[in-house]
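Hi there,

Here is the structure I promised to pass on. Have a look at it first, and then read on for what turned up.

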Amino acid sequence: MNNRVLIYIEVNNGVVARVSKEIISHAKQNFLQSSIDGIVLGDEQSIDSALFDLKQLGLNKLYIIKDNLLDMTNAKVYANALSVFLENNQYDVLLMGATSDGRDIAPRLASKQDIGLTADCTGLEVDENGNLLATRPTYGGQLMATIVSKTKPNFATVRPGAFKYLQQSCNNETEIEYFSLSFDGLCSLLEVLYSENKPAAEDWTCSEIIVAGGLGIQNKENFNLIYKLADLLGAKPAASRAAVEQGWAEQSIQVGQTGNSVSPKLYIAFGISGAMQHMTGITNADKIVAININKDAPIMSGADIAIECDAVSLLHTLIGKLSD
Ligand SMILES: Cc1cc2nc3c(=O)[nH]c(=O)nc-3n(C[C@H](O)[C@H](O)[C@H](O)COP(=O)(O)OP(=O)(O)OC[C@H]3O[C@@H](n4cnc5c(N)ncnc54)[C@H](O)[C@@H]3O)c2cc1C
């Protein structure tokens with residue numbers, strides 16, 4: 001194994017973030033010439049609760065920085081601690097989830113290390129020289145750009161849902177090393193007076209079936225049929241950006257480049273044209289069913305099953321049949 005890859009593993013309230021597992025799955029499957037290590041930071045309670053799961057991730061080595069100052073209220077402390085770690089350990093590639101915490105830590109760390117950062121990537125490869133080829137949408141999603149950084153470690157954040165999490169039974173023992181450092185001078189002047197643990201919002205993007213609606217649904221009243229069908233199928237509803245802009249759905253359920261990436265077993269798209277910015281969000285869907293009155297809509301050629309018909313009529317029919 002030539003190349004050294006380090007993945008920052010995000011743990012929230014003792015739970016390993018799904019995006020971290022997605023990055024590890026992708027790295028293990030695709031970075032064949034690389035040794036894949038992880039680093040996790042957190043307070044004692046959070047790390048201890050996550051330890052069993054962390055050992056199942058199939059990493060070569062897992063570094064743990066455990067300190068009760070690390071309670072994720074301050075990204076600066078995390079960035080400072082990671083920076084000290086990188087000064088003592090050399091890596092070719094460093095990866096992190098582009099979550100709200102990841103987006104807070106990554107630029108601070110890049111700035112401290114004076115290295116480049118390719119943010120919000122949707123594709124990653126490592127070449128034989130250990131260079132990271134990081135792909136992300138550019139020019140408003142019109143182009144996919146593959147960026148090779150000249151600084152080491154090559155650093156990228158990865159969009160949640162961009163890669164599939166493949167749960168594998170893992171036999172190899174992960175070597176664990178505790179990395180200790182002095183936090184004197186690493187903490188910011190910010191004093192946290194009060195913090196509240198909110199229950200994590202349900203992650204609908206991991207749902208096995210997603211029923212999505214676009215502008216072809218025509219109005220908000222019809223869009224309620226998307227919610228109804230999703231409910232009957234035990235699925236989650238989603239929307240194109242055009243439907244969100246009409247006020248038919250919340251932005252939180254938008255799929256695509258400026259929304260969410262999803263990886264369901266089945267994605268059913270009603271009245272969605274299949275613009276590139278939408279398709280970017282469903283590249284990991286196992287099967288796509290598209291319902292459109294226009295057989296030449298781009299989504300129809302990319303779909304596993306393309307149904308040329310009126311979306312609203314089909315929604316009524318399906319809901320009627322499933323409600324019986
Ligand atoms: C920087 C940038 C970022 C973007 N990010 C996103 C993003 O994250 N997600 C996203 O979705 N878009 C995004 N877009 C917008 C994207 O380019 C498209 O405009 C948008 O996806 C179109 O949504 P739509 O398919 O619902 O609407 P349209 O493109 O208008 O398509 C409606 C479709 O419905 C079909 N139709 C009409 N009537 C019926 C009917 N009765 N029955 C069945 N079919 C019917 C039509 O044939 C058509 O194919 C972004 C654009 C830019 C520039």
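A residue counts as near the ligand here if its C-beta atom, placed from the backbone, lies within 6 Å of it. Please keep in mind that this is a predicted model.

By that cut-off, 29 residues surround the ligand, and the closest are G214, G216, R241, G256 and S273. Sorted by class, this shell holds 16 polar, 11 nonpolar and 2 charged residues. At least two shell residues come from each of α6 (241-245), α7 (276-279), β16 (287-292) and α9 (311-323). The largest share, 3 residues, is supplied by α6.

Of these elements, α9 is worth a second look. Its 13 residues reach 18 Å from the first C-alpha to the last, close to the 18 Å expected at 1.5 Å a residue. Which residues of α9 are buried? They are A311, V312 and L315. These residues cover an arc of only 95° around the axis, which puts them on the same side of α9. As background, an α-helix has 3.6 residues a turn, so residues three or four places apart point the same way. The cover over the buried residues of α9 includes α5 (220-233), β15 (266-270) and β16. On the other side of α9, the exposed residues are S313, T317, G320 and K321.

One more residue to look up is K112, found in helix α4 (residues 100-113). K112 counts as partly exposed because it has 16 C-beta neighbours inside 10 Å. Leaving out residues up to four places away in sequence, K112 touches A79 and S83.

Happy browsing, and best wishes!

Terms used: Residues are numbered from 1 along each chain as its sequence is written. This is a predicted model: local features need pLDDT of at least 70, side-chain atom pairs count only at pLDDT 80 or more; totals for chains, interfaces and linings use all residues. Helices (H or I, at least four residues) and strands (E, at least two) are DSSP runs, numbered from the N terminus. A residue is buried if 20 or more other C-beta atoms lie within 10 Å of its own, exposed if 12 or fewer, and partly exposed in between; C-beta atoms are placed from the backbone. Two residues are in contact if their C-beta atoms, placed from the backbone, lie within 7 Å. Ala, Val, Leu, Ile, Met, Phe, Trp, Tyr, Cys and Pro count as nonpolar, Asp, Glu, Lys and Arg as charged, and the others, Gly among them, as polar. The expected span of a helix is 1.5 Å times one less than its number of residues. The arc is that of the directions from the helix axis to the C-beta atoms.
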